[in-house]
Amino acid sequence: LDYEIGRLLDALSESGEEDNTIIVFTGDNGLAVGQHGWLGKEDIYEHGVRIPLIIAGPGVKENVRNNAYVYLFDVFPTLCEKVGIDIPDSVEGRSFAHLLDGENGETFRNELYLIFDEFVRGVKDENYKLIEYRNGDSEEDKWTFLYDIAEDKWETENLAERKEYREKVLEMRKRILKNRDKWEEQKHPQGKNFWRRFSEDD
């Protein structure tokens, strides 16, 4: 991979367009390979949802790491703004071009809504993550996980069963529902199956 990226960078240099090109390096989310008992991508743990995102080029401040929450569909409007192209009305992402200038992005997005297929939904902020599995209609098919991701970065201690975290679970469950409505997810076939099995109180 390093070799092929090197070929691209060499070609840019040889073409004289190196200083006129914004480079975006990202990737797919990886396989779990056994973490949290999962093998593939059927989860929304940090190892499944965090991906590389490196941007370099003119108008991008060098050697800056930003912890802002962004979606990949935010990349397109960001590039539009950086190169002076109007962002189409159909685009739902948000430009984070100002973050590439070196601004702090802690409040760019307060949370991320996480989805896998038709049976996993979650929401995370800078402190907590709630994961809800609904793989059937029985109680055995309903799993809830709450993690303090600020302190428990490997997501090893499920707080959802603790009485003192009951209100936190309910609060974050409401945020899942709020995101569902925002994205009109219940209108899509995959979303319908999940929401048929999900309610605010379970």
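Start by selecting Trp38, Tyr45, Tyr133, Trp143, Phe145 and Tyr147: together they make one aromatic cluster. Keep in mind that you're looking at a predicted model. Across the whole structure, a search turns up 13 aromatic pairs, so let's visit a couple of them.

Next, pick Phe73 and Trp183. Their ring centres are 5.7 Å apart and their planes meet at 70°, so this pair is edge-to-face. Now colour the neighbouring elements: Phe73 is in the loop between S2 and H3, while Trp183 is in the loop between helix H5 (166-182) and helix H6 (189-196), so the pair ties together parts 110 residues apart in sequence. Buried or exposed, or something in between? Phe73 has 37% relative accessibility, so it counts as partly exposed. Trp183 has 23%, so it counts as partly exposed too.

Hop over to Trp195 and Phe198. Here's another edge-to-face pair, with 5.2 Å from centre to centre and 85° between the planes. Trp195 is at 9% relative accessibility and so counts as buried; Phe198, at 8%, is buried as well. Leave Trp195 on screen and add Arg180: its charged end sits over the Trp195 ring, 5.1 Å from the centre. For a second arginine over a ring, show Arg94, which lies over the face of Phe108 at 4.3 Å from the ring centre.

Last stop: helix H3, residues 75-83. Which of its residues are buried? Select Val75, Pro77, Thr78 and Cys80 to see them. Then switch on what covers them, including strand S1 (23-26), strand S2 (53-56) and helix H4 (97-100). Finish at Gly84, which follows H3 and has a positive phi, near 80°.

Definitions and conventions:
Residues are numbered from 1 along each chain as its sequence is written. This is a predicted model: local features need pLDDT of at least 70, side-chain atom pairs count only at pLDDT 80 or more; totals for chains, interfaces and linings use all residues. Side-chain values use heavy atoms; hydrogens and water are left out. Buried means under 20% relative accessible area, exposed over 50%, partly exposed in between (1.4 Å probe, protein chains only). Helices (H or I, at least four residues) and strands (E, at least two) are DSSP runs, numbered from the N terminus. Contact means heavy atoms within 4.5 Å. Rings of Phe, Tyr and Trp (its six-membered ring) pair if their centres lie within 6.5 Å; planes under 30 degrees apart count as stacked, over 60 as edge-to-face and the rest as tilted. A charge sits over a ring if NZ of Lys or CZ of Arg is within 6 Å of the ring centre and within 35 degrees of the ring normal.
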